[in-house]
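Work through the three exercises below with the model open. Try each task before you read its solution.

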Amino acid sequence: MKEIKPPKKPLIFYYGITILVILLLNSFILPAIYNYSIKEVDYGTFLTMVEEGKVEKVEIENNEIVFQPFDTSESKYYKTGAINDPKLVDRLHNANVQFSKVIPKETSPVLSFILSWILPLIIFIAIGQWFAKKMQNRIMGGGNALSFGKSKAKVYVEAQTGITFADVAGQDEAKEALQEIVDFLHNPNKYKEIGANIPKGALLVGPPGTGKTLLAKAVAGESKVPFFSISGSEFVEMFVGMGAARVRDLFKQAQEKAPCIVFIDEIDAIGKSRNSGISGGNDEREQTLNQLLTEMDGFDADKGVVILAASNRPETLDKALLRPGRFDRRVPVELPDLAGREAILQVHAKKVKLADHIDFNVIARATSGASGADLANIINEAALRAVKLGRNKVTQNDLEESVEVVIAGYQRKNAVISMKDKLTIAYHEIGHALVAAKQTHSAPVHKITIIPRTSGALGYTMQVDERETVLMSKEQALDKITTFMGGRAAEEIIFKTITSGASNDIEQATKIARSMVTRFGMSEEFDMMALETVNNPYLGGDTSLLVSAETASKIDDEVLNIIKSCHQNAIKILEKNIDKLHELTKFLLEKETISGEEFMDILSGNQKEDSIT
Ligand code: ADP
Ligand code: MG
Ligand code: ZN
């Protein structure tokens, strides 16, 4: 975000100082320098020097006499005041001194004025301008030191964001919807002639990190118009009354610069429903929101000001914001699909040096559910890892490792784990992998590791879907739960005891089982009855039950039944494959990390003899 401060006041200030400096120079300093090289003596000394033959040359001016001695060691020139001395000419003549009377040459007053006033002024202004520009660059480069505590509402503008749709990978639908706005900003007359009403505002909605801010910048970059942007959270931090002032200022400037784009990022910070707060909510926010609504109604969209806003939680927005004539258009910006993820990886990979034969498809398949920001982070982590390992190119392995870093936390290299725990963890992970592999509806195992992560996970079994699926069948859901049960099941079978290591599995499995019952209509008991609604689809979080307490307890029973039967199933699968369970665990213990292929080789019994050493 770039900032341009109101330029007038500081410049006037600056010019004032410049003029002062010139005044000082002209009246004191320059004459002082000029005089410095001339030694002043009294008239008597002058006469003595003449009589002693020490003076070579004399120039008589109107009211002073400047003379040059033979011995210039003390000073090259001397001067003394001119006294009305009728004998002076005789004295000089007798002493054989060259002398002359200087006729004062009048330099043209215009020229001298130019030389001593105008010229320095021009030079100073030029230097001043240069400094002002430098300073502005510094501010625009992100320094924020000067903006603190200013009462004037500031506005942020970037003339060219330099970002185009090509920088936004995937998101084709969002781009298409925004293309219309770009087109309008290019050629508003086409729309006016036919009488079309261009939407005043579009609201980009979607989970964090999906590229909403990026898309808004790309719209500005594509249409080559100024881009005013401000973030909703900035309003909230402000002092009383400033939020509204800022909104007013923002729209005023935008109208002057039209056609242009005004972007309000994270609008939920100000746009929250006005009646949602307890105890009347936040007055400041409300004022800001009201001002925003007023401004949006007040200006003429024909001028070419398009307002974009972004939100993670559109359902919390005040209804008034969504009315026709305001943000009446919604542009969903969803998490990327498989192809989208691959494209995003490729866009960001352009910024790093890659080794040959990088397969982004593998990475994309392993990162289902990751946002664009996560993927950008994965590329960056991979580059950091390559540097850390002293390479100058990013390898496939770097990428795969950073998937785990971003998704599961850093490897905890130094954590010491007892042999007994390691054994338990290995059986646990192989339990997951084996159950997954022996079911028809689960994704293939891609990697198993017992190197702990800082996230707290002690081991990790990575599954990668062959294809991207949008729908989850009942069979797939059950297989997933069974796979989660596999870890604990292996511990039970082998050690006849259980550990705390399955806590995350339990949580995940319960989540799926619960959704099956309450949201997906996958239980016999409740059939297709809606039991729960999702309040906040984008932040993945809160749901609320729609049912009586009695039904709620039946739901719990149903969820428990699903989990229990999956648990039994997992135990059955492992008991049937107990030899493989031992064999694979031994292999994993030795290698600590094994790939999907190694796993499948052992499972299908065609591993090379020397691969286990
Ligand atoms: P949001 O505003 O939706 O939270 P951002 O636009 O700030 O997300 O995205 C954060 C970063 O993630 C971007 O700067 C970009 O590097 C990366 N990113 C997100 N989505 C994409 C995408 N579709 N294509 C390329 N990069 C993306
Ligand atoms: Mg953003
Ligand atoms: Zn587990």
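**Exercise 1. Find the nonpolar patch on the surface and say which helices supply it.**

Step 1. Apply the rule. Patch residues have over 30% relative accessible area and no salt bridge; nonpolar side chains (Val, Leu, Ile, Met, Phe, Trp, Tyr) are joined within 5 Å, like charges within 9 Å. Accessible areas come from the Shrake-Rupley method with a 1.4 Å probe, and for residues only the protein chains shown count as cover.

Step 2. List the members. They are Ile19, Leu20, Leu23, Val110, Phe113, Ile114, Trp117, Ile118 and Ile122. Together they have about 820 Å² of accessible area.

Step 3. Assign them. Helices (H or I, at least four residues) and strands (E, at least two) are DSSP runs, numbered from the N terminus. Helix 1 (8-36) and helix 4 (109-140) each supply at least two patch residues. Leucine 23 sits in helix 1. Helix 4 gives the most, six residues.

A note on the source: this is a predicted model, where local features need pLDDT of at least 70, side-chain atom pairs count only at pLDDT 80 or more, and totals for chains, interfaces and linings use all residues. Residues are numbered from 1 along each chain as its sequence is written, chains are lettered from A and ligands numbered from 1 in the order in which they are written, and side-chain values use heavy atoms, leaving out hydrogens and water.

**Exercise 2. Find the salt bridge of glutamate 64 and place both partners.**

Step 1. Look for a side-chain nitrogen of Lys or Arg within 4 Å of a carboxyl oxygen of Asp or Glu. This rule gives 13 salt bridges.

Step 2. Pick the pair. Glutamate 64 meets lysine 79, at 3.7 Å from N to O.

Step 3. Place them. Glutamate 64 is in strand 3 (residues 64-69) and lysine 79 in strand 4 (residues 77-81), 15 residues apart.

**Exercise 3. Which backbone atoms contact ligand 1, and how much of the ligand is covered?**

Step 1. Search for polar contacts (N or O pairs within 3.5 Å; within protein, one atom must be able to donate a hydrogen and the other to accept it, and residues adjacent in sequence count only if both atoms are side-chain atoms).

Step 2. Read the distances. A backbone N or O atom of alanine 169 is 2.8 Å from a ligand 1 nitrogen. For leucine 214, such a backbone atom is 2.9 Å from a ligand 1 oxygen. A polar backbone atom of glycine 211 lies 3.1 Å from an oxygen of ligand 1.

Step 3. Check the cover. The protein covers 79% of the 560 Å² of accessible area that ligand 1 has on its own.
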